[in-house]
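Student: I'd like a close look at one part of this molecule, please. Pick a spot, take it slowly, and show me how it connects to what lies around it.

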Amino acid sequence: MRGAVRRPGQSHEPDDNYGRRMPDVIRIGQLSDTHFLEAGMEPEGAGAYDTSAAFEAVLAHLGDHEHLDLMVVTGDVADHGRAAQYEVAADAFARLSVPVNLCPGNHDFDEPFAGGFPHSNLDVERTLVLGDWTFLFADSNSGQMRVDEEGNRSDLPGETRLHSNGSLGTHEAAWIREASAAATTEHVFVWIHHPPGVTVPLIADADYTSEWTALIGDLPNVRGFGGGHTHLPAEFVFADLPVFVSPSFKNNFDLDAKTWLPPGYRTYEFSADGGITSEVHLVDDERWPRHPLGRAILGLFNGELTYDDLAAIAQRRRDQTS
Ligand SMILES: [Fe+2]
């Protein structure tokens, strides 16, 4: 375990924010969309996985992970952003044997998220330096939040944003521009819940894509993005940069094979020359079979059905079988 994270700008300049000497290749694991529930609460929604059971399976699959320099969590930590759900999440992440840094998703609300990780290996830093890389932890909900003059973000009263797409807003876009320009390393990588450039109709958002299109030319040292949100593990290219999407713990889908997928995680290697390789690890188990996707879920992703349509179909099916 490490001590406190060193804040950027401190006079002592170690190889990373944790005071460690860094190798040429930085190894990072990524968890995303863990959607933790209160202990003992039933999974919500048709086909949703028991996310605590998924975490146990991922932890077992990770095995000895001391070789990782960092574990990143890219949002939707708690299913409804409730304090008791962050307690379950924090206790789970504290079992990892490496430092963990988190950024929020649209299911995470500012107050419980900011205060939700008191354990010594957990942090919500916005910038971390590891060897030749600067890692930015952006908040893709900022455009829907109130931001004060110091850049502190808070949720509007009554706002839920559980199905919200990404929105940077002017403050977050400016922060990303400034943090990238201030990087003391040659290479920058952005961790963010909503990946830029998604084209799946349910999730694609022209305004969010426009925000990134306007910003990306000002970020010449950014080498790629790591995100979640879609529950569709993938790798694609946006503005000539790789975008890596990590699996979720709540449910995952493969729109090409048209099947459900088990829970999982990603690992990354960041090279001193700016190269990035990443791998998806899915934890196959009889609890999460790769069943064919039904027409209703395909219709949701294709933009032919809304979440309300899907809920009505599920209710009709329950009524027919009861
Ligand atoms: Fe999610």
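Tutor: Let's agree on some words before we start: a residue is buried if its relative accessible area is under 20%, exposed if it is over 50%, and partly exposed in between. Keep in mind, too, that what you see is a predicted model.

Try the words out on glutamate 186, which sits in the loop between α4 (169-181) and β9 (187-191). Glutamate 186 has 57% relative accessibility, so it counts as exposed, being over the 50% mark. Exposed or not, glutamate 186 has partners from elsewhere in the sequence: leaving aside neighbours within four places, it is in contact with Asp132, Asn221 and Arg223. Proline 220 is 34 residues away from glutamate 186 in sequence, and their C-alphas are 9.8 Å apart in space.

Now for the spot I'd pick: the iron ion. Which protein atoms hold the iron ion as donors? They come from Asp33 (OD), His35 (NE2), Asp76 (OD) and His231 (NE2), and they lie 2.1 to 2.3 Å from the ion. What about the geometry? Seen from the iron ion, the four donor atoms subtend angles of 89 to 173°, and that spread is why the arrangement is called irregular. To count as tetrahedral, four donors would need all their angles between 85 and 135 degrees, and 173° is outside that range.

Next, follow the donors along the chain. Their spacing in sequence reads D-x1-H-x40-D-x154-H. Aspartate 33 belongs to the loop between β1 (26-31) and α1 (51-62), while aspartate 76 belongs to the loop between β2 (70-74) and α2 (83-93), so this pair ties together parts that are 43 residues apart in sequence.

Are these donors buried or exposed? Aspartate 33 has a relative accessible area of 0%, so it is buried. Aspartate 76 comes out at 2%, so it counts as buried as well. Histidine 35 is placed in the loop between β1 and α1, and its 3% is under the 20% limit, so it is buried too. Histidine 35 has something else for you to spot: its phi is positive, about 45°, although it is not a glycine.

Histidine 229 is another non-glycine residue with a positive phi, this time about 70°. You'll find histidine 229 in the loop between β10 (222-227) and β11 (234-238). Its relative accessible area is 14%, so histidine 229 is buried.

Back to the donor His231, because there's a residue touching it that deserves a look. The side chain of asparagine 251 makes a polar contact with the side chain of histidine 231, at 2.9 Å. Asparagine 251 lies in the loop between β12 (241-245) and β13 (252-254), and with a relative accessible area of 11% it is buried. Leaving aside neighbours within four places in sequence, asparagine 251 also has Gly47, Ala48, Tyr49 and Trp260 among its contacts.

Let's step back to the nonpolar side of things. The largest nonpolar core has 42 residues, and Leu31, Val77, Phe93 and Phe117 are the ones with the most contacts inside it. Five elements give two or more residues to this core: α1, β2, α2, β3 (100-103) and α6 (295-301). The largest share, seven residues, comes from α1. Zoom in on leucine 31 and you can list contacts beyond its sequence neighbours, including Phe55, Val58, Met71, Phe93 and Tyr265. There is also a second, separate core of 22 residues, with Leu168, Ala173, Trp175 and Ile176 among its members.

Two last stops. Strands β5 (residues 127-130) and β6 (residues 133-137) run antiparallel and are joined by four bridges; in one of the pairings, leucine 130 is matched with tryptophan 133. The two strands form a hairpin with two residues between them, and glycine 131 in the turn has a positive phi of about 60°.

Then there's serine 210 in helix α5 (residues 206-216). Its relative accessibility is 45%, so serine 210 counts as partly exposed. Its side chain reaches the backbone oxygen of alanine 206 at 2.8 Å. Glycine 197 is 13 residues from serine 210 in sequence, and their C-alphas are 9.1 Å apart.

Conventions. Residues numbered from 1 in each chain as written. Predicted model: local features only at pLDDT ≥ 70, side-chain atom pairs only at ≥ 80, totals over all residues. Heavy atoms only, no water. Pairing = 2+ DSSP bridges. Donors = N, O, S within 2.8 Å, 3.2 Å for Na, K, Ca; no water. Tetrahedral: all angles 85-135°; square planar, octahedral: opposite > 155°, others 65-115°. Buried < 20%, exposed > 50% of the residue type's maximum accessible area, 1.4 Å probe, protein only. Polar contact = N/O pair within 3.5 Å; in protein donor to acceptor, adjacent residues only side chain to side chain. Contact = heavy atoms within 4.5 Å. Core = buried A, V, L, I, M, F, W, Y, C linked by side-chain atoms within 4.5 Å.
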